Amino acid sequence: MTEQEFLRRLGIVNDFLHYVEKTLNTTDIPINTLIELIKIRLGIDLNKITDKNKWFTCSYDVNGLYCKKVKIGREEKKGTYLRDTFFSYDLRSSAYTISYNKDEDNFIFTVKGYGHGVGMSQAGANQYAKSGWNYEQILKHYFTGLELR
């Protein structure tokens, strides 16, 4: 049984996913804004890439939640790059997806939760505690190899 299956049986994953769904945020960013920002910061002219669906590509973590790497045009950056460089208010987490809306000619960033996906999730730790885990179990879950003294 995988860890995720185990947690799902305990009800932890469902509780956490419910929390994530409650914190879902969608932001539409106009094409011209993206073109301008990317050109200034990276020197990449997105207009040279005719298929707008290829302007941004994310590689996700093993759970398919956090964007670990984002490809902007042909340049690859850390998944936190867009958040840290351009959209700190709109992208409050690196758990996001990017999609192109042809009808509106804009990009839609759908963000789940808060944070970088590094370290301990307060919401996740809270759900583990509510499910009966003690502090040692929670810390060892988030920080593998941890030895408490």
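Guide: In this predicted model, a helix is a DSSP run of H or I with at least four residues. With that in hand, α3 is followed by Gly43, whose phi is positive, near 75 degrees.

Visitor: What makes α3 count as a helix in terms of its number of residues?
Guide: The cut-off is at least four residues, and α3 has twelve, so the run qualifies.

Visitor: How do you know whether the span of α3 agrees with what is expected?
Guide: Take 1.5 Å times one less than the number of residues; for the twelve residues of α3 that should give 16 Å. The C-alpha atoms at its two ends are 16 Å apart, so the two values agree.

Visitor: Which residues of α3 are called buried, and why are they said to line one face?
Guide: Buried means under 20% relative accessible area, and the residues of α3 that meet this are Ile31, Leu34, Ile35, Ile38 and Leu42. Looking down the helix axis, these buried residues fall within an arc of 100 degrees, so they line one face of α3.

Visitor: And what does the face of α3 turned away from the buried side carry?
Guide: That face carries Asn32, Ile40 and Arg41, which are exposed; the word requires over 50% relative accessible area.

Visitor: Where does α3 pack?
Guide: On an open sheet of three antiparallel strands, in the order β1-β6-β5. Neighbouring strands there are turned by 20 degrees against each other on average, direction ignored. Helix α3 (residues 31-42) touches β1, β5 and β6, and its direction makes about 75 degrees with that of β1.

Visitor: Why are β1 and β5 said to stand at the edges?
Guide: Each has a single partner strand, so one side of β1 (25-30) and one side of β5 lack a neighbour in the sheet.

Visitor: What makes β5 and β6 a pair?
Guide: Pairing needs at least two bridges between the strands. β5 and β6 share six, in the antiparallel sense, so they pass. In this pair, Tyr100 stands opposite Phe107 in β6.

Visitor: Is Asp105 buried, partly exposed or exposed?
Guide: Its relative accessible area is 34%. Since that lies between 20% and 50%, Asp105 is called partly exposed. Asp105 sits in the loop between β5 (96-101) and β6 (106-111), and its phi is near 55 degrees, a positive value in a residue other than glycine.

Visitor: How many of the residues score at least 70 in pLDDT?
Guide: 77% do, and the chain averages 79. Among the elements, strand β4 (residues 75-78) has the highest mean, 94, and helix α1 (residues 3-10) the lowest, 50.

Note on methods
Residues are numbered from 1 along each chain as its sequence is written. This is a predicted model: local features need pLDDT of at least 70, side-chain atom pairs count only at pLDDT 80 or more; totals for chains, interfaces and linings use all residues. Side-chain values use heavy atoms; hydrogens and water are left out. pLDDT is the predictor's confidence in each residue, from 0 to 100. Buried means under 20% relative accessible area, exposed over 50%, partly exposed in between (1.4 Å probe, protein chains only). Axes are lines fitted to C-alpha atoms, for helices over the stretch in contact, and angles run from 0 to 180 degrees between N-to-C directions. Contact means heavy atoms within 4.5 Å. The arc is that of the directions from the helix axis to the C-beta atoms.
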